[in-house]
Number of protein chains: 2
Amino acid sequence: MAASAQADLAQNLEPPADGARREILNAAANCFMERGYSAASIDEVARRLGSTKGRIYHHYASKADLFADVFKTGMDMNYQTVLPVYECQSDPAVKLCRMAHVHTRQMIKTKPFQRAVWEGVEMHLRGSTTPEQRETLGELTDYRDRYSDLFKSMLDLCKQDGALAFDNLSIANQVMFVALNSPLFWYSPRPGEDQTDIDKIVGQVVTFALRGLGYQGDISS
Amino acid sequence: MAASAQADLAQNLEPPADGARREILNAAANCFMERGYSAASIDEVARRLGSTKGRIYHHYASKADLFADVFKTGMDMNYQTVLPVYECQSDPAVKLCRMAHVHTRQMIKTKPFQRAVWEGVEMHLRGSTTPEQRETLGELTDYRDRYSDLFKSMLDLCKQDGALAFDNLSIANQVMFVALNSPLFWYSPRPGEDQTDIDKIVGQVVTFALRGLGYQGDISS
DNA sequence: TTGACAACATACCCGGTAGTATGTTCATCT
DNA sequence: AGATGAACATACTACCGGGTATGTTGTCAA
């Protein structure tokens with residue numbers, strides 16, 4: 001039920017990005033990743049598309065709106081990947097393990113969007129925006145906080161049944177997320193890299209995170 | 001010897017910040033933390049000091065130079081804290097544990113400067129600056145990379161004697177650092193907080209990181 | 001055929017910010 | 001006392017980038 005509520009919020013804004021917007025979104029996500037929100041310019045996004053500002057401002061009211069759509073798109077992809085795992089019933093530790101795997105793989109595969117999510121959360125924490133943008137960012141960070149709660153609730157369950165051992169739940173969740181998200185900061189695709197290589201990286205990251213939480217069992221996909 | 005080489009590089013630029021610069025540095029570090037490099041303005045730093053641009057541009061040639069000094073100051077503080085632990089001879093695992101503790105505590109205590117270090121590394125990775133700034137940033141990231149190597153070499157030793165268990169050394173080091181640095185992103189000082197509270201947080205973070213690396217022993221200060 | 005509208009491109013405005021050029025004050029040295 | 005320069009403040013310029021106003025082109029419905 002928590003899950004369906006989140007799924008609702010995921011859809012109740014603009015229509016899902018059609019073909020035209022999707023192309024803009026990709027370009028914007030890459031620009032935001034490469035320069036950061038404030039350093040990235042709309043003209044640069046346009047150049048990447050081989051077009052001009054006009055195209056972007058025809059679809060988005062402002063730079064902040066464009067960024068918000070990148071953010072939301074990134075989170076939508078996360079929910080779509082993790083929710084199925086979250087909803088299937090099995091041992092909490094196994095579920096957490098799988099969630100961590102698909103989440104981390106998602107960080108690598110959709111890195112530009114996830115970087116925007118990261119920066120968006122930071123922007124909201126700093127709180128340096130106009131009131132209206134602040135509200136939009138607030139909704140989006142709520143959206144991301146509830147995503148985080150999916151993991152947090154699993155951590156709690158696992159701690160209760162003794163599969164995990166940590167002190168403070170919130171801190172554990174925070175540190176775990178930073179660890180799982182860490183490829184955002186040091187991973188960049190190698191030339192001849194295939195799915196197997198990525199899965200090995202994901203495996204190491206997830207192993208680190210789950211061990212960090214006090215997990216003793218073995219860590220499979 | 002690696003250590004002394006690093007200490008050298010730490011001193012061979014401008015004279016260490018005197019009183020006047022130190023005040024500017026603190027203000028700048030806080031501004032960069034709250035807004036990020038490109039969104040922070042020199043005028044804002046000046047307002048925080050209760051003065052004007054003139055003061056800042058009298059001591060620094062450019063915004064990039066000011067940022068570089070914040071970066072370097074942050075790293076200097078790190079070396080000063082961690083090097084003594086690194087140089088004392090004791091069991092690698094114990095040494096790593098202590099290094100992790102003092103490092104993480106440093107992240108919390110000098111957060112504004114460490115955020116600048118973090119953003120500086122990211123700016124260098126993105127590579128979006130002028131050639132000369134790029135060189136300056138390059139030296140600084142080298143400085144920070146050698147700091148990272150202090151830990152990396154310890155990880156390697158610990159793995160050899162079986163105290164730690166992980167697959168890829170570089171990845172392990174990266175994920176460990178992100179975990180240890182994670183307070184930069186979720187910690188903010190509580191009103192009535194004292195040293196003991198901070199140490200508890202540090203303890204949890206370090207425990208997570210060392211367990212993540214496969215450490216089985218107990219983790220003391 | 002034509003009117004209307006979507007999907008852009010072009011040209012422009014304007015606020016903010018990095019950087020500069022020029023005062024002004026005060027201390028120190030001779 | 002007068003000169004000199006450090007340590008700022010003030011006033012200004014130049015430019016970049018977000019946003020807008022207006023043109024242009026193709027498509028589709030009536």
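**Close-up views of a predicted two-chain model**

**Figure 1. Surroundings of Ala68(B) in the predicted model.** Apart from neighbours within four places in sequence, Ala68(B) is in contact with Thr136(B) and Leu140(B). The model shown here and in the following figures is predicted. Ala68(B) belongs to helix α5 of chain B. With a relative accessibility of 13%, Ala68(B) counts as buried, because the limit for a buried residue is under 20% relative accessible area. A residue of chain B at a greater remove is Leu157(B), which follows 89 residues apart along the chain; the C-alpha atoms of Ala68(B) and Leu157(B) are separated by 33 Å.

**Figure 2. Thr73(B) in helix α5 of chain B.** The helix that holds Thr73(B) comprises residues 63-87 of chain B. The relative accessibility of Thr73(B) is 16%, and Thr73(B) therefore counts as buried. When neighbours within four places in sequence are set aside, the contacts of Thr73(B) are with Leu25(B) and Phe113(B). Ala68(B), the subject of Figure 1, is likewise placed in helix α5 of chain B.

**Figure 3. Met123(B) and the residues that it touches.** Met123(B) is part of helix α7 of chain B, which covers residues 111-126. Its relative accessible area is 12%, so Met123(B) is buried. Residues up to four places away in sequence not being counted, Met123(B) touches two aromatic-named positions, Tyr37(B) and Phe67(B), together with Ser128(B), Thr129(B) and Leu137(B). Thr141(B) lies 18 residues apart from Met123(B) along the chain, and the C-alpha atoms of these residues are separated by 9.9 Å.

**Figure 4. Tyr147(A) in helix α8 of chain A.** Tyr147(A) is located in the helix formed by residues 131-160. How buried or exposed is Tyr147(A)? The residue has a relative accessible area of 2% and is buried. Beyond neighbours within four places in sequence, the contacts of Tyr147(A) are Met75(A), Asn78(A), Tyr79(A), Val82(A), His103(A) and Phe177(A). The C-alpha atom of Tyr147(A) is separated by 16 Å from that of Leu169(A), a residue 22 residues apart along the chain.

**Figure 5. Val178(A) and its contacts in both chains.** Val178(A) lies in helix α9 of chain A, residues 169-181. A relative accessibility of 4% places Val178(A) among the residues that count as buried. With residues up to four places away in sequence left out, Val178(A) touches Trp118(A) of chain A and, in chain B, Val178(B), Ser182(B) and Trp186(B). Val178(A) and Ala27(A) are 151 residues apart along the chain, and their C-alpha atoms are separated by 26 Å.

**Figure 6. Relation between chain A and chain B.** Two copies of a chain are related by a rotation about an axis and a shift along it. Here a rotation of 180 degrees, with 0.0 Å of shift along its axis, superposes chain B on chain A with an RMSD of 0.0 Å. This relation is that of a two-fold axis. Within chain B, Gly212(B) has the C-alpha nearest the axis, at 2.0 Å. Both copies use the same surface, as 100% of the contact residues of chain B recur in chain A.

**Figure 7. Chain A as the setting of the close-up views.** Chain A contains 11 helices and 0 strands. The order of its elements from the N terminus on is α-α-α-α-α-α-α-α-α-α-α. The radius of gyration of chain A is 18 Å, which agrees with the value near 17 Å for a compact globule of 221 residues. The C-alpha trace of chain A spans about 55 × 40 × 30 Å along its principal axes. Of the 221 residues in chain A, 51% are buried. Among contacts in chain A with a separation of 6 or more, 70% are between residues 24 or more positions apart. The exposed area of chain A is about 10,000 Å², of which carbon and sulfur atoms supply 49%. Chain A carries 24 positive and 28 negative charges, and the mean positions of the two sets are 5 Å apart.

Notes
Residues numbered from 1 in each chain as written. Chains lettered and ligands numbered in written order. Predicted model: local features only at pLDDT ≥ 70, side-chain atom pairs only at ≥ 80, totals over all residues. Heavy atoms only, no water. Least-squares fit on C-alpha atoms with pLDDT ≥ 70 in both. Contact = heavy atoms within 4.5 Å. Helix = DSSP H or I, 4+ residues; strand = E, 2+ residues; numbered from the N terminus. Rg over C-alpha atoms; globule rule 2.2 N^0.38 Å. Buried < 20%, exposed > 50% of the residue type's maximum accessible area, 1.4 Å probe, protein only. Areas by Shrake-Rupley, 256 points an atom, 1.4 Å probe, with all protein chains shown as cover. Lys, Arg positive; Asp, Glu negative; His and termini not counted. Charge placed at Lys NZ, Arg CZ, Asp CG, Glu CD.
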